[in-house]
Amino acid sequence: MNEEVVAGRRPVLELIRSGRAVNKILYAEGAQGIGQLLAEARAAGIVCQQVDKRKLDQSAPGVRHQGVAALAAEREYAELEDLFAAAEAAGKIECCGLLIGNVRNGMGQDGVAQVREILPALNVAEAPERAFEIDPRTLLAAHRSARKRGEAILGWYHSHPSGVALPSTCDAERAAENGKVWVIVAGADMAAYVAVQQGDVAGRFRPLPLRVISPEKCKEAMNGNG
Ligand SMILES: [Zn+2]
C-alpha cells in the first residue's frame with residue numbers, strides 16, 4: 001500500500017481533523033503534548049501504536065517529528081460519481097463536503113476549476129434534513145492543508161434528498177457572491193453552479209458545466225494546453 005508519512009504534532013492533528021484516511025499513528029514513549037491528538041485519533045477509529053523513538057526517526061527521516069507521525073493513505077483523484085453514493089447513504093439528511101483543487105483564469109466565463117479532492121464533512125446544521133452546514137473543524141483543517149499544497153477550497157457539495165439539483169432559496173440566501181462552486185446532487189441528477197453577484201439561478205448562481213476528465217487531461221488543461 002502506498003502511504004504518505006506526516007510528522008509533527010500540528011500536521012498530524014490537522015490530518016486527523018481533515019477526515020482523510022489515516023492507516024496508523026506512531027508515537028514515541030514519553031512524547032509531550034500529544035494527549036489530545038491521540039484522543040481524537042482514537043475517537044476517529046485510527047490505530048495508535050507506541051514505538052521506539054528510533055523507529056520514528058526511520059519513518060520520518062530528517063523531519064522534526066516531535067514524537068509523533070501518521071501514515072496517511074495516498075491521495076486519490078476525486079470521483080464525482082462518489083457523490084451519488086454519499087447522497088444515497090445519507091438518506092433523508094443532506095450530505096455535504098468540500099471540493100478542493102485549483103483554478104485557472106479565475107472563476108469567470110473562461111475559468112477552469114479542477115476539483116482534485118472531494119472531502120466529506122459532517123453536516124452540523126440544526127435541521128440537516130433541510131439544510132447543510134459544513135463542520136467548521138473540517139473546513140479549517142482542509143483550508144490549511146490545501147494551502148500547503150498550493151490548492152484551495154473551491155466550493156462545496158450537498159444533496160437535496162427529496163428535491164431537485166437546483167439551488168434552493170435557502171442556498172441562495174446563504175451563498176456569498178464569492179465565486180465558490182456549488183455542486184448539488186438530487187437522486188440521479190448532479191449540477192454545478194458558481195455563486196455570483198447576480199445570477200440566472202435563484203438570483204445568485206450561474207450554471208457551471210461539469211466535466212469528468214482523466215488526471216492526465218486535467219494536468220494538460222491546467223497547464224493551458226487543453
Ligand atoms: Zn440546498
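**Exercise 1.** Which residue in β6 does G97 stand opposite?

*Solution.* The model is predicted. Begin with the strands involved: β5 covers residues 96–104, and its pairing with β6 is antiparallel, over 9 bridges. Within this pairing, the residue of β6 opposite G97 is P120.

**Exercise 2.** Give the strand order of the open sheet of 6 strands, and state which strands are at its edges.

*Solution.* Step one is the order, which reads β6-β5-β7-β8-β9-β10, with mixed pairing. Step two is the edges: β6 (112–121) and β10 (205–208) each pair on one side only. Step three is the turn between neighbouring strands, which averages 30° when direction is ignored.

**Exercise 3.** Find which strands of this sheet helix α4 touches, and the angle its direction makes with that of β8.

*Solution.* Locate the helix first: α4 consists of residues 81–90 and packs on the sheet. Its contacts are with β6, β7 (152–159), β8 (181–186) and β9 (189–195). The directions of α4 and β8 make an angle of about 60°.

**Exercise 4.** Explain why β1 and β3 each have one side without a neighbour in the sheet.

*Solution.* Write down the order of the open sheet of 4 strands: β1-β4-β2-β3, with mixed pairing. β1 (3–7) and β3 (48–51) stand at the edges and have a single partner strand each, so one side of each lacks a neighbour in the sheet. From one strand to the next, the twist averages 25°.

**Exercise 5.** Describe the pairing of β2 with β3, then place helices α1 and α2 on the sheet.

*Solution.* Take the pairing first. β2 (residues 22–28) runs parallel to β3, and the two pair over 4 bridges. In this pairing, I25 has C48 of β3 opposite.

Next, take the helices. Helix α1 (residues 9–18) packs on the sheet and touches β1, β2 and β4 (68–73). The direction of α1 makes about 35° with that of β4. Helix α2 (residues 35–43) also packs on the sheet, with β2, β3 and β4 as the strands it touches. The direction of α2 makes about 140° with that of β3.

**Exercise 6.** State how many helices and strands the protein has, what share of its residues is buried, and how its contacts are spread along the sequence.

*Solution.* The count is 7 helices and 10 strands. Of the 226 residues, 31% are buried. For the contacts, consider those between residues at least 6 apart in sequence: 62% of them join residues at least 24 apart.

Notes. Residues numbered from 1 in each chain as written. Predicted model: local features only at pLDDT ≥ 70, side-chain atom pairs only at ≥ 80, totals over all residues. Pairing = 2+ DSSP bridges. Axes fitted to C-alpha atoms, helices over the stretch in contact; angles between N-to-C directions. Contact = placed C-beta atoms within 7 Å. Buried ≥ 20, exposed ≤ 12 C-beta atoms within 10 Å, placed from the backbone.
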